[in-house]
Each structure stands twice: as C-alpha cells, then as structure tokens.
Amino acid sequence: MRNNLLANLIIILICVGAFSTRAVGADITLESLKLQIEKLQDQVKQLEEAQLQAQQQQVQVVAVPAVEPAPDKLTSDTSKKTNNTISAYATMRPTFGYIDEDGDSFYDVRDALSRAGIRATNEFMPGWTAELHGEWSIDMANSGDFGKARKAYAAVASPYGRVGIGKDRPPQYLLIAEYVDIFNHANSPFAYDAESVFFVDNMLTYHLQTGKFSWLAAGQFDGGSGSDDADLVNLGVGFDHGEFHGAISYLIEDSLASEVITGEDEVWAASLAHGFDNGLYLAAAYQERTYKRDQISQDRDGHTIDLAAAYPLGEQFKVKLGYFEFDDGYGQFISRKFDGYNTTLEWLPDENLRFHIEYLYRDMDYFEDFSSWVVGFRYDFAKEWQF
C-alpha cells in the first residue's frame, strides 16, 4: 500500500511540475524535485505509523474480553454469592411497683419478660433460606438467672412455604394474641394469659404466604407424654391489608393431669386490629373455649376477651388502655373468673428506650381482687451482620 501511494504521488507531482514549468516558465531543477519527493515520503510514513497505531488499539480493546481467563467456579471466592445474616438482640425490662394481691400489700421488683436471643439465616439457593433461632429469658426479678428457653428451633423457607421444628410461637399467639399484646407487663394479654399458649415445644410448624393471606399450621409431638400422635393441633389464617389485620384460628390440645390424659381443650378464636393515620391503634381478640373431659359432668365452656388501644401524645409520649375478661366455665367458689382494665403512660425518648407507669386492676368474682401501680424501664439492643 505504501509503494502504490508513493508512486501515485510522484506521478502527480511530476505532472504538476511539468505543467507548472510550461505554464509559468519556472526553472525547476531535478534536485528540487528530489527534495519534494523525500518530504512526501516522510509525510506518508508518518500517516502510515499513525494509522497502524490506531488499528492496534482497536484490536486490543476487542481482544481483551476474549483472552481474559474466566474464574474457576469451583475454587474462586469472588464469584460465589453469599447471603448470610446473623443477628443478636436483648431487651431488659425491670419494673418496680406497689402490689395488692390476695389481701396483702407490698413493694416488689419484678421482670416484664427480659430476654436475649440470636438468629441466623443462610440463603443456600435462590428462594430457599435456612434459619436457626434461639431465645432465652433473663429473670431480673430474682437472681438474674439466664437460660430458660423461649425459642429454640430450626426452619427452612422456600417458595412453597416455611417449615420449622422446635420450640416456637404457635399460630394461636401469632394470629390472635400478638395484636393485643402491647403492654409492658409479663401477663399481657391479661385474659389470654390465664390459660392460653405462648410457646410450644416439640412442635412442627408450617407457614405459607399467598398475597395478603397468611396460612399457619402447627402440631406438637411429644412422645414422652400425652398421646402417641399429636398432643396439640393449631390451624389459622390471617388477612393483612395496610394497617388492617383480621384472623381466625382453631386449636385442640390434650388436657393432662400428672402426665395422664383427662380430655381435651378446643378453642375457636378471632382477632381484629387496625392502625389509623393519626396514630390511633385499636385491637380485639376473642377465644371461645370448650373444656371436654372424660367425665361428662366436668365438661364446661369458657371464653377470653382482650381489648387494647394506643394513642400518641406528641412525639415522645403514648397512652395505652386495655380491657379484659376471662371465664373458665367453673361455678362459684372454684372459678378464677375475672375482668379488669389497665392504663399505661409511656415516655419514648429514643427508639430503643421506653419508660412507663401503669395501673392495673383485676376484679375477681370469687377471690381477692388484684391491683398494682408499676413503673418500668425497657432498653432494647439489636445488631445484625451480613457475610
């Protein structure tokens, strides 16, 4: 290409030079012609070098992805995607109050369910996550004992639902009681607490989320006591839309006395809760309980009612109100039947701090009434790591 370009330039130059000589009669010597040819050669060389350099740069840009070695998927750490989390948390909830109980009045330091826990998850394939969770109580009311398990389970979540095995919250609490359990008290919800379940060990659970519906099922299988198959079966469905919650559930469990089955308890329950734009929160939970016993004369019916409300007073204060009613179906002299109410004022100076003062009154139908004035402190801590 260089030789052809040079030859063409030389021919053009000669022709132009000859034409110029004849036209103007200029005296162009052979020596000046050689100098012009050499100058043109240098210019052509510079052009070709610039063109070659540009072509080499284009080749390098295109060639780099083709020749770069692909990472080894079996040995490379950078190519492996991880989605593991581990979190640790604790909440300390001491209280101090003046208690009037069973005809006796006294001051007492108590605990409103202080606890600590650890939770870890591992997404081992898209949409599939393994989980472990352990939570233990801290008894600040007495010697500060640590170790009574509240939760201890392992679970696997998938697009087809979540399956867990171990000690955990049953559907009855998750769908019904949790929405009225807003008070700073170890016995809240106060009517539900009297006989209903909060944690169940030896449990197999299933949870499926389909749109706005939550489908929950659980069974307790304790071969060491009770029946040889399920000792407890709990089913429920919840509907959540924005700040609205509604749920129904069914529970049946063995009634035991000294590890001997004396019958079964059957419970139908429902709950409603709603939060409003102005901060007002209202919730209600109801249980219809049937106590079936081997002796027909001992069969009875009871119920629980828990109502809760909360309303913010400015940015750092909140007032909470509750009403509750419990009926165990027994007659006079042996029944623990009661109703009552409580009022709580909270101060929340930070998102993980809460101070409160509460008045609680329980009107017992056949036993001594209960009342208390309590001040309490709550400090929450939580930390999460990803790796």
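1. Largest cavity, by residue class. In this predicted model, the lining of the largest cavity has three nonpolar, three polar and two charged residues. The lining residues are R93, P94, T95, A112, N184, H356, F377 and R378. Strands β2 and β18 each give at least two residues to this lining. The volume of the largest cavity is about 50 Å³.

2. Cavity count and the second cavity. There are three cavities of 30 Å³ or more. The second largest cavity holds about 40 Å³. Its lining consists of Q172, E195, S196, V197, L251, E253, V267, Q287 and R289. By class, that is three nonpolar, three polar and three charged residues. Here β11 (244-257) and β13 (281-293) are the elements that each supply at least two residues.

3. Largest pocket, size and centre. The largest pocket has a volume of about 820 Å³. Its lining numbers 35 residues. Those nearest the centre are L113, R115, R150, R169 and F199. Four elements contribute two or more lining residues: β4 (114-125), β5 (128-139), β6 (145-158) and α3 (171-175). The largest share comes from β6, with seven residues.

4. Largest pocket, chemistry. Which classes make up this lining? Charged residues number 17, nonpolar residues 12 and polar residues six. One of the central residues, R169, also takes part in a charge-ring contact: its charged end sits over the ring of Y173, 3.9 Å from the ring centre.

5. Second largest pocket. The volume is about 550 Å³. The lining has 25 residues, and E101, R110, N187, R362 and F370 are the closest to the centre. The elements with two or more lining residues are β2 (94-101), β3 (104-111), β17 (353-364) and β18 (370-386). The class split is 12 nonpolar, five polar and eight charged. Strands β2 and β18 also supply at least two residues each to the lining of the largest cavity.

6. R362 and the Phe cluster. R362 is among the residues closest to the centre of the second largest pocket. R362 also lies over the face of F338, at 5.2 Å from the ring centre. F338 in turn belongs to a cluster linked by ring pairs, together with F183, F190, F324 and F326. For a reader tracing contacts, this gives a path from R362 to F338 and on into the cluster.

7. Aromatic pairs. The count comes to 20 aromatic pairs. One of them joins Y341 and Y359. How are these two rings arranged? The centres are 6.3 Å apart and the planes make an angle of 50 degrees, which puts the pair in the tilted class. The tilted class covers angles that are neither under 30 nor over 60 degrees.

8. What the Y341-Y359 pair connects. Y341 lies in strand β16 (residues 338-350) and Y359 in strand β17, so the pair ties together parts 18 residues apart in sequence. β17 is also one of the elements giving two or more residues to the lining of the second largest pocket.

9. Exposure of the two tyrosines. Are Y341 and Y359 buried or exposed? Each falls in between. Y341 is partly exposed, at 40% relative accessibility. Y359 is partly exposed as well, with a relative accessible area of 22%. The cut-off for buried is under 20%, so Y359, at 22%, does not count as buried.

Key:
Residues numbered from 1 in each chain as written. Predicted model: local features only at pLDDT ≥ 70, side-chain atom pairs only at ≥ 80, totals over all residues. Heavy atoms only, no water. 1 Å grid on protein atoms, 1.4 Å probe; cavity = no way out; pocket = protein on both sides within 12 Å on 5 of 7 lines; lining within 4 Å. Points joined across faces, edges and corners; volume = space filled by probe spheres on them. Nonpolar A, V, L, I, M, F, W, Y, C, P; charged D, E, K, R; others polar. Phe/Tyr/Trp six-rings, centres within 6.5 Å; stacked < 30°, edge-to-face > 60°. Buried < 20%, exposed > 50% of the residue type's maximum accessible area, 1.4 Å probe, protein only. Lys NZ or Arg CZ within 6 Å of the ring centre and 35° of its normal.
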